[in-house]
Amino acid sequence: GGRPNYVSDRYFETRGRAGFLLHPQVDGVDSHGVGHYLPASEVGADKALASLQEQIEYWLENNAEREAMRRTGFEWVKNNETYTHRAQEILEVVFA
């Protein structure tokens with residue numbers, strides 16, 4: 001945490017395993033199927049925790065919407081973010 005424009009592999013692994021993900025917004029990274037809360041680096045720890053709590057409560061109360069978000073994230077990763085996709089991108093750069 002605290003590093004701009006960084007997400008760990010868990011960002012993709014969680015969605016790729018059909019899990020629901022709450023994560024701070026990260027510029028330059030896809031956000032398909034991700035619920036966002038305010039990052040501490042922008043609003044401070046207290047506001048970030050309040051935002052996270054608000055998002056947790058919202059998503060727990062909205063099962064159908066959470067399920068749709070979860071499916072969206074899974075489909076996005078399956079169709080765009082696998083290691084096969086990464087290998088193809090590397091080969092296109094190397095042999096372009």
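**Exercise 1.** How many residues does helix H3 have, and how far does H3 reach from its first C-alpha to its last?

*Solution.* Keep in mind that this is a predicted model. Helix H3 runs over residues 45–61, so count 17 residues, at the 1.5 Å a residue used for the expected span. The end-to-end reach is 24 Å, close to the 24 Å expected.

**Exercise 2.** Work out which residues of H3 are buried and which side of H3 they sit on.

*Solution.* Start with the buried set: Ala48, Ser51, Gln55 and Trp59. Next, look down the axis: these four cover an arc of only 65°, which puts them on the same side of H3. The spacing rule helps here: an α-helix has 3.6 residues a turn, so residues three or four places apart point the same way. Now flip to the other side of H3, where Asp46, Leu49, Glu54, Leu60 and Glu61 are exposed. Last, ask what covers the buried residues of H3: the cover includes strands S1 (21–24) and S2 (34–37), plus helices H2 (40–43) and H4.

**Exercise 3.** Place Glu81 in the fold, decide whether Glu81 is buried or exposed, and find its partners.

*Solution.* Glu81 is in the loop that links helix H4 (63–80) to helix H5 (83–94). Its relative accessible area is 15%, and buried means under 20%, so Glu81 counts as buried. Skipping neighbours within four places in sequence, its contacts are Phe12, Asp30, Trp76 and Arg86. With Trp76, there's a side-chain to side-chain polar contact at 3.3 Å.

**Exercise 4.** List the residues of the largest nonpolar core.

*Solution.* There are 6: Val7, Tyr11, Leu21, Val26, Val29 and Val34. Tyr11 touches several residues farther along the sequence, including Leu21, Val29 and Val34.

Conventions: Residues are numbered from 1 along each chain as its sequence is written. This is a predicted model: local features need pLDDT of at least 70, side-chain atom pairs count only at pLDDT 80 or more; totals for chains, interfaces and linings use all residues. Side-chain values use heavy atoms; hydrogens and water are left out. Helices (H or I, at least four residues) and strands (E, at least two) are DSSP runs, numbered from the N terminus. Buried means under 20% relative accessible area, exposed over 50%, partly exposed in between (1.4 Å probe, protein chains only). A polar contact is a pair of N or O atoms within 3.5 Å; within protein, one must be able to donate a hydrogen and the other to accept it, and residues adjacent in sequence count only if both atoms are side-chain atoms. Contact means heavy atoms within 4.5 Å. The arc is that of the directions from the helix axis to the C-beta atoms. A nonpolar core is a set of buried Ala, Val, Leu, Ile, Met, Phe, Trp, Tyr and Cys residues joined through side-chain atoms within 4.5 Å.
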